[in-house]
Amino acid sequence: MTPLSADQLADVPLFAGLGDAERDELATAFAPRHFADGEAILIQNERADGLYLIADGRVEIGKRLPGGGLATLAQAGPGEVIGDMALIGRDLRRSAMGIARGPVATWHLPAEQFRAALAQLRPASLQLQAALGRAIAQRIQGKTGDIAALLARWPDSFAARPQRALPPVAEDDFAAEAFLARLPCCAAMSAAQRLAFWNAGRRVDVAADRDLAAPGGDPACIWLVVRGAVRSALPHRAGIYQLTVTGPGQLVGLAPALLDSPHDRVLRSSEQTTLLAFDHAIFSELLATGDSLARELGMSVNADLVTALDTLDQVEARIVAMRRGHSVAA
């Protein structure tokens, strides 16, 4: 294989939005790797070592089923990237299998090399971090649509969760600013960065079982869960089918905001919840500054997106493995 070029990266959607100089810098970090028919390129639950750009061949992506076998989720071929979530965080485990179907030639970008560049605030790594977030957000929206189609296909197999409209609970004063320092997304921030992050948003206290967003709504806000929890769900009959539950230290409403597209699900508080709400434009500015705060925030955004996508994969795999008539609480 000849060395990977910046022009070749320009034809790959994940890298197409990067500048010429940034693509040229990234191209030098890729190394060729080859796999035989049936060989595992990605191994579920093993440590993720980097992403692969497929040069030639075909890869089957799937999840191991509890009773054995593989639930096929996607197929990937030349010009497509697999395993890109390896760049999101340290010690991340593969969420799916990637099996070579025939001989496969790839270009490999090591995760450690990417993270070293990110630590130095290299523009190429910062731009790629943002591109990864958008790519995962697109997968989340696609996966949500797939699950909605499955629910529509087997509507009698799932029990809807009703809305309870619980009253707010009277509480003593809660020092949310101090609590912010203990959240995972802010752990690597300095005290000054946490203060700047806090001041960029506004505190919102929400009673249990209240809707923050509905399908088709404008992505005007992104929320950080400070205390409590928010569930995302699809409308199902007179209630909802739960997809994910987001707890303290995680961000809510990311995918629509990153893609500037309408909400595709219900966001509802599952208990009395304290949130830090960010205007869409302000949050975008925080991500685009190119400083260490943008790096830490971008890492948190992508980590939360990966968690959400992995949960949706599990939901889809569970539905696919079910037989019609098996009632499951949403």
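## Burial and the aromatic pairs

A residue is called buried when its relative accessible area is under 20%. In this predicted model, both Phe35 and Tyr52 are buried by that criterion. Their ring centres lie 5.7 Å apart with the planes at 75°, so the two form an edge-to-face pair. Phe35 belongs to strand β1 and Tyr52 to strand β3 (residues 50–56), and the pair thereby links distant parts of the chain, 17 residues apart.

The search of the whole structure finds 4 aromatic pairs. One of these joins Phe15 and Phe30, whose ring centres are 6.0 Å apart and whose planes meet at 80°, so this pair is edge-to-face. It also connects distant parts of the chain: Phe15 is in helix α2 (residues 13–16), while Phe30 is in the loop between α3 (20–27) and β1 (31–35), 15 residues apart. Phe15 and Phe30 are both buried. In addition, Phe197, Phe278 and Phe283 form one aromatic cluster.

## The four-stranded sheet and helix α5

An open sheet of 4 strands follows the order β11-β16-β13-β14, and its pairing is antiparallel. Strands β11 (211–213) and β14 (239–246) stand at the edges; each has a single partner strand, so one side of each is left without a neighbour in the sheet. From one strand to the next, the twist averages 35°.

Within this sheet, strand β13 (residues 230–236) pairs with strand β16 (residues 266–269) in the antiparallel sense over 4 bridges. Val230 has Ser269 of β16 as its bridge partner. Helix α5 (residues 123–153) packs on the sheet and touches β13 and β14, its direction making about 45° with that of β13.

## Strand β7 and its partners

In a regular strand, side chains alternate between the two faces of the sheet. Strand β7 (residues 97–100) is covered on both faces: Met97 and Ile99 on one side, and Gly98 and Ala100 on the other, are all buried.

Strand β7 runs antiparallel to strand β2 (residues 40–42), to which 2 bridges join it. Here Gly98 of β7 is the bridge partner of Leu42. Strand β4 (residues 59–64) is likewise antiparallel to β7, with 4 bridges between them. In that pairing, Val59 has Ala100 of β7 as its bridge partner.

## Helix packing

Two packed helices are described by the angle between their axes and the distance between the axes. Helix α9 (residues 280–287) packs against helix α10 (residues 292–321) at an angle of about 115°, with the axes 8 Å apart. The helices α9 and α10 are therefore roughly perpendicular to each other. The contact brings Phe283, Leu286 and Leu287 of α9 to Leu293, Ala294, Leu297, Gly298 and Val301 of α10. By residue class, the contact of α9 with α10 comprises 7 nonpolar, 1 polar and no charged residues. Phe283 thus appears in this contact and in the aromatic cluster with Phe197 and Phe278.

Helices α3 and α5 pack at an angle of about 95°, with their axes 9 Å apart. This pair, α3 and α5, is therefore also roughly perpendicular. Glu22, Glu25 and Leu26 in α3 meet Pro123, Ala124, Gln127 and Leu128 in α5. The residues of the contact of α3 with α5 divide into 4 nonpolar, 1 polar and 2 charged. Helix α5 therefore takes part in this contact and also packs on the sheet, touching β13 and β14.

## Residues with positive phi

Most residues other than glycine have a negative phi. Asp209 has a positive phi, near 65°, although it is a residue other than glycine. Asp209 lies in the loop between β10 (202–206) and β11. With a relative accessible area of 1%, Asp209 is buried.

Asp260 likewise is not a glycine, yet its phi is positive at about 50°. Its position is in the loop between α8 (254–259) and β16. Asp260 is exposed, with a relative accessible area of 60%, whereas Asp209 is buried.

Notes
Residues are numbered from 1 along each chain as its sequence is written. This is a predicted model: local features need pLDDT of at least 70, side-chain atom pairs count only at pLDDT 80 or more; totals for chains, interfaces and linings use all residues. Side-chain values use heavy atoms; hydrogens and water are left out. Two strands pair if DSSP finds at least two bridges between them. Axes are lines fitted to C-alpha atoms, for helices over the stretch in contact, and angles run from 0 to 180 degrees between N-to-C directions. Contact means heavy atoms within 4.5 Å. Angles under 35 degrees count as roughly parallel, over 145 as roughly antiparallel, 65 to 115 as roughly perpendicular and the rest as oblique. Ala, Val, Leu, Ile, Met, Phe, Trp, Tyr, Cys and Pro count as nonpolar, Asp, Glu, Lys and Arg as charged, and the others, Gly among them, as polar. Buried means under 20% relative accessible area, exposed over 50%, partly exposed in between (1.4 Å probe, protein chains only). Rings of Phe, Tyr and Trp (its six-membered ring) pair if their centres lie within 6.5 Å; planes under 30 degrees apart count as stacked, over 60 as edge-to-face and the rest as tilted.
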